[in-house]
Amino acid sequence: MTLSTSNTIDFDSARLKLISEKKLSTVAVQHQKAVKHMTVLGLQQRLTQQLQTSLELERVLDLFFTAVQEFMGLNSLEFHHDAHAVKVSKGVPSMHRCNYRMTHAGDFLGEIQFTRDKRFSEVQLQSLETLLGNLLYPLRNALMYRAALHSALNDSLTGIGNRLGLDQALTREVKFSSRHHTPLSLLVLDIDHFKQINDKYGHAYGDAALKAVVNCARSCLRDVDELFRMGGEEFVVVLSNTDNHSARFVAERIRCSIAQMQFEIDGDSIPMTASLGVATLKAEENNEGLLERGDKLMYVAKRAGRNRIAC
């Protein structure tokens, strides 16, 4: 009986120990969840404060990724919004990924992807989705700000930079060129006899001709080159880190491309040409002086017979 009692006691002790361990394990899990929850809440509060400090889209995404990266063990973030022509990447992509299509009040805000070395758990995905809620308003505001800025600095007809955008770009490029002692050139382009197209065929076809010239010029430029519409049928190309010889080569390539372009109106082939002035920044020259010289050289090309360059 004693052995039996002893066995019974030992069994009960083992059972109580097992029950106790299970309770402790449950308490530990609940504690970990509570700590995790508090950590998510703390991170949410930090994100709410940080994401309100900027309207720049890349800065907003950078702040979000930096805050969440270590907490979630993320390797990369990639965001894209085709309608806004936006693609932002942070970090180095890894094997396991999760994607979210973000909307707010029916408005599409873009798609975002996260990657990490290890598979995402359900708890981690829930935490990430919770934290993404803090990104919605700052992301929407950044996209609206970007659209407003684009509208203010770009020509509504052709989509390229306008006069305000040109002034800002030239100011920036002249400062950079002077500080780093790199060459800077610009081209001033004017379409020859453009008024005849408007007078004969109407402004709708004139607009189509402007767009065609823009496409021609763009095809001759590098990604880093900038194209602006200064007004009417006059355009400016800003060529950073480009000397006069190289700028003349680009101008000639644009001139030939426009002259060879097949532009038709109601089946009629309309010949189009352009005159270009090429100017390279001189020592101590400002952006207004550079632009004025380029404009004067364009008129020199006009007076010399059109469809040519002057430098």
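These are my notebook entries on the sheets, helices, cores and ring pairs of a predicted model.

**Entry 1: the four-strand sheet**

I began with the sheet of four strands, which is open, has the order 2-1-4-3 and pairs in the antiparallel sense. Its edge strands are strand 2, covering residues 86-91, and strand 3, covering 96-104, each of which pairs on one side only. Averaged over neighbouring strands, and with direction ignored, the turn of one strand against the next is 15°.

I then looked at strand 3 and strand 4, the latter being residues 107-116, and found nine bridges joining the two in the antiparallel sense. I noted one residue pair here, since Phe 114 comes up again below: Phe 114 in strand 4 is the bridge partner of Cys 98.

Next I looked up the helices that lie against this sheet. Helix 4, residues 136-153, packs on the sheet and touches strand 1, strand 2, strand 3 and strand 4, with its direction at about 70° to that of strand 3. Helix 2, residues 57-72, lies across strand 1 (76-81), strand 2 and strand 4, and runs at about 30° to strand 2.

**Entry 2: helix 2**

I checked the length of helix 2, which has 16 residues and spans 22 Å from its first C-alpha to its last, close to the 22 Å expected at 1.5 Å a residue. Just after the helix comes Gly 73, which takes a positive phi of about 65°.

Which residues of helix 2 are buried? I listed Leu 57, Val 60, Leu 61, Leu 63, Phe 64, Phe 65, Ala 67, Val 68 and Met 72. A general point helps in reading such a list: an α-helix has 3.6 residues a turn, so residues three or four places apart point the same way.

**Entry 3: the largest nonpolar core**

The largest nonpolar core has 33 residues, and those that touch the most other members are Phe 64, Val 68, Phe 79, Ile 112, Phe 114, Leu 135 and Leu 139. The elements giving two or more residues to this core are helix 1 (2-50), helix 2, strand 1, strand 2, strand 3, strand 4, helix 3 (122-132) and helix 4. Which element gives the most to this core? Helix 2 does, with nine residues.

I also recorded that another core lies apart from this one, with 32 residues that include Ile 191, Ala 212, Met 272 and Val 278.

Returning to Phe 114, I looked up its contacts, leaving aside residues up to four places away in sequence, and found among them Phe 64, Leu 74, Cys 98, Tyr 100, Phe 120, Leu 128 and Leu 132.

**Entry 4: aromatic pairs**

I counted three aromatic pairs in the model. In the pair of Phe 64 and Phe 114, the ring centres are 6.3 Å apart and the planes stand at 45°, so I entered the pair as tilted. Because Phe 64 lies in helix 2 and Phe 114 in strand 4, this pair ties together parts that are 50 residues apart in sequence. Phe 64 counts as buried at 0% relative accessibility, and Phe 114 is buried with a relative accessible area of 0%.

For Tyr 201 and Tyr 205 the ring centres are 6.4 Å apart and the planes are at 75°, so this pair is edge-to-face. Tyr 201 is partly exposed, with a relative accessible area of 22%, and Tyr 205 is partly exposed at 30%. I noted last that ring pairs link Phe 64, Tyr 100 and Phe 114 into a cluster.

**Entry 5: the five-strand sheet**

I turned to the open sheet of five strands, which has the order 6-7-5-10-11 and mixed pairing. Its edges are strand 6 (226-231) and strand 11 (309-310), each pairing on one side only. Strand 5 (residues 184-191) and strand 10 (residues 274-280) are antiparallel and share seven bridges, and Ile 191 has Ala 274 in strand 10 as its bridge partner.

Helix 7, residues 203-219, packs on this sheet against strand 5, strand 6 and strand 7 (234-240), with its direction at about 150° to that of strand 6. Helix 8, residues 244-259, touches strand 5, strand 7, strand 10 and strand 11, and its direction makes about 170° with that of strand 10.

**Entry 6: strand 10**

Is strand 10 mostly covered or mostly open, and how many of its residues are buried? I found strand 10 mostly covered, with seven of its seven residues buried. Ala 274, Leu 276, Val 278 and Thr 280 point one way, while Ser 275, Gly 277 and Ala 279 point the other way, and all are buried. Thr 280 is the bridge partner of Ser 185. Strand 10 and strand 11 run parallel and are joined by two bridges, with Leu 276 standing opposite Ile 309 in strand 11.

Technical notes:
Residues are numbered from 1 along each chain as its sequence is written. This is a predicted model: local features need pLDDT of at least 70, side-chain atom pairs count only at pLDDT 80 or more; totals for chains, interfaces and linings use all residues. Side-chain values use heavy atoms; hydrogens and water are left out. Two strands pair if DSSP finds at least two bridges between them. Axes are lines fitted to C-alpha atoms, for helices over the stretch in contact, and angles run from 0 to 180 degrees between N-to-C directions. Contact means heavy atoms within 4.5 Å. The expected span of a helix is 1.5 Å times one less than its number of residues. Buried means under 20% relative accessible area, exposed over 50%, partly exposed in between (1.4 Å probe, protein chains only). A nonpolar core is a set of buried Ala, Val, Leu, Ile, Met, Phe, Trp, Tyr and Cys residues joined through side-chain atoms within 4.5 Å. Rings of Phe, Tyr and Trp (its six-membered ring) pair if their centres lie within 6.5 Å; planes under 30 degrees apart count as stacked, over 60 as edge-to-face and the rest as tilted.
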